[in-house]
Amino acid sequence: MTHAQLDPTARRALAAAAVEAKTRKDLSWQQIADAAGLSVAFTTAAVLGQHALPEESATAVAELLGLDDDAAMLLRTIPVRGSLDGAVPTDPTIYRFYEMLQVYGTTLKALVHEEFGDGIISAVNFKLDVRKVADPEGGERAVITLDGKYLPTKPF
């Protein structure tokens with residue numbers, strides 16, 4: 001049976017324990033995703049408390065991290081989503097994404113609506129990819145792909 005959480009506290013505590021175990025075992029998110037049999041973006045989000053893992057994946061992740069059966073069960077529950085509090089983020093990496101949306105959010109909205117019409121881009125039927133590429137001017141660049149299904153608004 002599928003269960004949903006009412007309060008994010010348990011998943012936040014599990015996320016902290018999972019990250020501690022990941023660090024202690026010197027594992028990468030990719031290694032955890034490989035154990036789960038899912039993408040690195042989805043698995044990372046799930047371990048951090050933003051998605052429910054399928055039973056087989058939850059069991060494999062808990063085993064790899066050395067977490068107990070209760071943790072595996074909790075990894076299968078549908079979480080209360082949203083990892084940021086209402087305040088402006090203070091972590092520099094998260095803040096830069098916030099800044100990007102502050103600067104380009106209305107541009108993205110305008111371009112999406114011009115291309116597709118009235119509607120939204122799903123964060124449920126969604127794929128995320130993060131890659132590191134060489135910068136022709138030196139150094140490295142981050143290429144982040146957000147790939148969500150377009151859902152048109154339907155009058156009723």
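## Overall build

Of the chain's 156 residues, 24% count as buried. The model is a predicted one. About 11,300 Å² of the chain is exposed, and carbon and sulfur atoms supply 57% of that area. The C-alpha trace spans about 55 × 50 × 30 Å along its principal axes.

The chain holds six helices and two strands. Read from the N terminus, the order of elements is α-α-α-α-α-α-β-β. Among contacts with a separation of 6 or more, 54% come from residues 24 or more positions apart.

## Helix 2 against helix 3

Helix 3 covers residues 40–47. Helix 2 packs on helix 3 at an angle of about 95 degrees, and the two axes lie 9 Å apart. Helix 2 is therefore roughly perpendicular to helix 3, since angles of 65 to 115 degrees fall in that class.

Helix 2 brings Trp29, Gln30, Ile32, Ala33 and Ala36 to this contact. Helix 3 answers with Val40, Thr43, Thr44 and Val47. By class, the contact of helix 2 with helix 3 has six nonpolar residues, three polar ones and no charged ones.

## Helix 2 against helix 4

Helix 2 is formed by residues 29–36, and helix 4 by residues 55–65. This pair packs at an angle of about 135 degrees, with axes 8 Å apart. Helix 2 is therefore oblique to helix 4: the angle is not over 145 degrees, the cut-off for roughly antiparallel. The crossing of helix 2 past helix 4 is right-handed.

From helix 2, the contact takes in Gln31, Ile32, Ala35 and Ala36. From helix 4 come Ser57, Ala60, Val61, Leu64 and Leu65. The residues of the contact between helix 2 and helix 4 comprise seven nonpolar and two polar, with no charged residue. Ile32 and Ala36 of helix 2 take part here; Ile32 and Ala36 also belong to the contact with helix 3.

## Ala60 in helix 4

Ala60 sits in helix 4. Is Ala60 buried or partly exposed? Ala60 has a relative accessible area of 24%, so Ala60 is partly exposed; buried would need a value under 20%. Ala60 is one of the helix 4 residues in the contact with helix 2. Gly37 is 23 residues away from Ala60 in sequence, and their C-alpha atoms are 8.9 Å apart in space.

## Helix 3 and its cover

Which residues of helix 3 are buried? They are Ala41, Thr43, Thr44, Ala46 and Val47. Thr43, Thr44 and Val47 also take part in the contact with helix 2.

The cover over the buried residues of helix 3 includes helix 1 (9–24), helix 2, helix 4, helix 5 (69–75) and strand 1 (119–134). After helix 3 comes Gly49, with a positive phi near 95 degrees.

## Phe126 in strand 1

Phe126 lies in strand 1, an element that helps cover the buried residues of helix 3. What is the accessibility class of Phe126? Its relative accessible area is 34%, so Phe126 is partly exposed. The class runs from the 20% limit for buried to the 50% limit for exposed.

Phe126 and Phe42 are 84 residues apart in sequence, yet 9.4 Å apart in space, C-alpha to C-alpha. With neighbours within four places in sequence left aside, Phe126 is in contact with Leu146, Asp147 and Gly148.

Notes. Residues numbered from 1 in each chain as written. Predicted model: local features only at pLDDT ≥ 70, side-chain atom pairs only at ≥ 80, totals over all residues. Heavy atoms only, no water. Axes fitted to C-alpha atoms, helices over the stretch in contact; angles between N-to-C directions. Parallel < 35°, antiparallel > 145°, perpendicular 65-115°, else oblique. Left-handed = near helix turned anticlockwise from the far one by under 90°. Contact = heavy atoms within 4.5 Å. Nonpolar A, V, L, I, M, F, W, Y, C, P; charged D, E, K, R; others polar. Buried < 20%, exposed > 50% of the residue type's maximum accessible area, 1.4 Å probe, protein only. Areas by Shrake-Rupley, 256 points an atom, 1.4 Å probe, with all protein chains shown as cover.
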